[in-house]
Amino acid sequence: MDAETIALVQRSFDKVVANSEFTEQWFYADLLVSAPQVKPLFKGNMEEQGMKFLPTLGMLVHSLDDLVTVIPIAGALARRHVEFGVRPEHYDAVGASLIRTLERSLAAEFTPEVRTAWEDAYTTLSAAMIEAAYGAEEELD
Ligand code: HEM
């Protein structure tokens, strides 16, 4: 991830937050339609934003220029997700819903460059999360 990628992700995230009234709801709605198998994992009231997905994602993307700090935070978050029943393969479904939600929220501002930057950032973050939470498990196989 280069500096330009990080800047594109951070700037576009701030625009999403500026119009975030519906964004988190769009994200959950998209996730449940595109990946209904994850629905039973959510025990809390999703409408009350039990997952706090967007604010936490925002914290992570605003720390992307300091990977030494962000990777352990993302790793700890991922290890908590093991207790929620989250499996490595669920990260792709969440990533796809995230990209579609950003596209819907940013509309014309979701340029091909912004999409590529987000794909790069989510791939980096989710790979670090999966490694932290399931790395040892994969080595056992
Ligand atoms: C960058 C990726 C992700 C971020 C930033 C994120 C953020 C969060 C946060 C902040 C919480 C609140 C609990 C805590 O802090 O420990 C949470 C809970 C949860 N997350 Fe995530 N998450 C991510 C990926 C995923 C994935 C891939 C799944 C798979 C479906 C998932 C499913 C859940 C579930 C089921 C809960 C518990 C909700 C409940 O108790 O109802 N998350 N997430």
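This passage describes the surroundings of the ligand, one loop residue and two helix packings in a predicted model.

It is convenient to begin with the ligand. A shell of 21 residues surrounds the ligand, and those that come nearest are L41, G44, T56, H90 and V94. Three elements each give two or more residues to this shell, namely α3 (53-61), α4 (67-83) and α5 (90-106). The largest share is that of α3, which supplies four residues. In terms of residue class, the shell around the ligand is made up of 13 nonpolar, five polar and three charged residues.

Attention turns next to the loop that links two of these helices. G85 is found between α4 and α5, in the loop. The count of other C-beta atoms within 10 Å of G85 is 12, and a residue with 12 or fewer is classed as exposed, so G85 is exposed. Along the chain, G85 and P40 are 45 residues apart, yet a distance of 9.3 Å separates their C-alpha atoms.

The helix packings come next, and α5 takes part in both of those described here. Two packed helices are described by the angle between their axes and by the distance between those axes. For helix α2 (residues 23-34) and α5, the axes come within 9 Å and the crossing angle is roughly 135°. This angle lies between the 65 to 115 degree range for roughly perpendicular and the 145 degree limit for roughly antiparallel, and α2 and α5 are therefore oblique to each other. Their crossing is right-handed. On the α2 side, the contact is formed by T23, W26, F27, D30, L31 and S34, which meet A93, V94, A96, S97, L98, R100, T101, R104 and S105 of α5. Seven nonpolar, five polar and three charged residues make up this contact of α2 with α5. V94 thus appears in the contact with α2 as well as among the residues that come nearest to the ligand.

The second packing brings in helix α1 (residues 3-18), whose axis is 10 Å from that of α5, at an angle of about 65°. Angles of 65 to 115 degrees count as roughly perpendicular, and α1 and α5 are therefore placed in that class. The crossing of α1 with α5 is left-handed. Here S12, K15 and V16 of α1 meet L102, S105 and L106 of α5. The contact of α1 with α5 comprises three nonpolar, two polar and one charged residues. S105 of α5 takes part in the contact with α1 and also in the contact with α2.

Technical notes:
Residues numbered from 1 in each chain as written. Predicted model: local features only at pLDDT ≥ 70, side-chain atom pairs only at ≥ 80, totals over all residues. Near = placed C-beta within 6 Å. Nonpolar A, V, L, I, M, F, W, Y, C, P; charged D, E, K, R; others polar. Buried ≥ 20, exposed ≤ 12 C-beta atoms within 10 Å, placed from the backbone. Axes fitted to C-alpha atoms, helices over the stretch in contact; angles between N-to-C directions. Parallel < 35°, antiparallel > 145°, perpendicular 65-115°, else oblique. Left-handed = near helix turned anticlockwise from the far one by under 90°. Contact = placed C-beta atoms within 7 Å.
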